[in-house]
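Here are some exercises to work through with the structure open beside you. Try each one yourself before reading the solution.

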Amino acid sequence: MKTIYVLNGPNLNLLGTREPETYGSDTLETVEKLCRDTAAELDIALEFRQTNHEGEMIDWIQQARLQADALVINPAAWTHTSVAIRDAVTGVALPLWEVHITNVHKREAFRHHSFLSDVAQGVICGYGIRGYRYALIEAARSL
């Protein structure tokens, strides 16, 4: 069975209470349930994680090299700041889908640049939490 890691970056643990006018009312638990239900439909194994610590995210990406077939990542603010996460992703050479709940291109200018988009198989933004489902479907299809 193929395995996909779904990794979530900083502050996503606050979904549902953090700026609901921007991020909606769905919680991270709702996102996880959506991902698990989608994985079951696709007959893939899923590892779902969230961290506020960049080093932990890098450790998980490196761990995925030995345990996963693809990555789906919502790097949150690290999208725009972390060369280290980019280096980890390129170092493990797993297919990657980048997900953002909001349309980052309709937000502040600093959010328009991603250190990951050019190494991702696909970028899905602006579809709310459904973007995770779309990324999982595409990742599974590519495997």
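## Exercise 1: a binding-site threonine

T102 is buried, with a relative accessible area of 10%. Keep in mind that this is a predicted model.

**Task.** Find where T102 lies, then work out which annotation it carries.

**Solution.** Start with the address: T102 sits in the loop between β4 and β5, the latter being residues 122-125. Next, go to the record. An unreviewed UniProt entry gives "binding site" for N74, H80, D87, I101, T102 and R111, and that annotation may be inferred rather than shown by experiment.

Now take H80 from that list. H80 is in the loop between β3 (70-74) and α4 (83-92). Its relative accessible area is 14%, and the cut-off for buried is under 20%, so H80 counts as buried.

## Exercise 2: the annotated histidine

**Task.** Is H100 buried or exposed, and which residues does it touch beyond its sequence neighbours?

**Solution.** First, place the residue: H100 belongs to strand β4, which covers residues 96-100. Second, check its accessibility. H100 comes out at 6% relative accessibility, so it counts as buried.

Third, list the contacts. Once neighbours within four places in sequence are set aside, H100 contacts N74, P75, T79, I124, C125 and G126. One of these, N74, also turns up in the UniProt "binding site" feature of the unreviewed entry.

Last, look at the record for H100 itself: the unreviewed UniProt entry has an "active site" annotation covering Y23 and H100.

## Exercise 3: two helix pairs

**Task.** Decide how α2 and α5 are oriented relative to each other, then do the same for α3 and α4.

**Solution.** Take α2 (residues 28-42) and α5 (residues 130-142) to begin with. They pack at an angle of about 25 degrees, and their axes are 9 Å apart. Angles under 35 degrees count as roughly parallel, so that is the label for α2 and α5. Their crossing is right-handed.

Who makes the contact? On the α2 side you'll find V31, L34, C35, T38, E41 and L42, and on the α5 side R130, Y132, R133, L136, I137 and A140. Sort the residues of this contact by type and you get eight nonpolar, one polar and three charged.

On to the second pair. Helix α3 (residues 54-67) packs against α4 at about 5 degrees, with their axes 9 Å apart. Therefore α3 and α4 are roughly parallel to each other as well.

From α3, the contact uses E54, M57, I58, I61, Q62 and R65, and from α4 it uses A84, I85, A88, V89 and V92. Here the sorting gives eight nonpolar, one polar and two charged.

## Exercise 4: alanines with positive phi

**Task.** Find where A76 and A93 are, and work out for each whether it is buried or exposed.

**Solution.** Begin with A76. Its phi is near 55 degrees, a positive value in a residue other than glycine. A76 sits in the loop between β3 and α4. Its relative accessibility is 14%, so A76 counts as buried.

Then turn to A93, which isn't a glycine either but has a positive phi of about 55 degrees. You'll find A93 in the loop between α4 and β4. With a relative accessible area of 62%, over the 50% cut-off, A93 is exposed.

## Exercise 5: a strand tyrosine and a helix valine

**Task.** What are the surroundings of Y5, and how far apart are the C-alpha atoms of V83 and E32?

**Solution.** Y5 is part of strand β1 (residues 3-8). At 2% relative accessibility, Y5 counts as buried. Leaving out neighbours within four places in sequence, its contacts are E47, R49, W60, Q63, A64, Q67, A68, A70, L71 and V72. For a distance to try yourself, pick G128: it is 123 residues from Y5 along the chain, and their C-alpha atoms are separated by 19 Å.

Now V83, which is in helix α4. Its relative accessible area is 41%, so V83 is partly exposed. V83 and E32 are 51 residues apart along the chain, and the separation of their C-alpha atoms is 26 Å.

Key. Residues are numbered from 1 along each chain as its sequence is written. This is a predicted model: local features need pLDDT of at least 70, side-chain atom pairs count only at pLDDT 80 or more; totals for chains, interfaces and linings use all residues. Side-chain values use heavy atoms; hydrogens and water are left out. Axes are lines fitted to C-alpha atoms, for helices over the stretch in contact, and angles run from 0 to 180 degrees between N-to-C directions. Helices (H or I, at least four residues) and strands (E, at least two) are DSSP runs, numbered from the N terminus. Angles under 35 degrees count as roughly parallel, over 145 as roughly antiparallel, 65 to 115 as roughly perpendicular and the rest as oblique. A crossing is left-handed if the near helix is turned anticlockwise from the far one by less than a right angle, and right-handed if clockwise. Contact means heavy atoms within 4.5 Å. Ala, Val, Leu, Ile, Met, Phe, Trp, Tyr, Cys and Pro count as nonpolar, Asp, Glu, Lys and Arg as charged, and the others, Gly among them, as polar. Buried means under 20% relative accessible area, exposed over 50%, partly exposed in between (1.4 Å probe, protein chains only).
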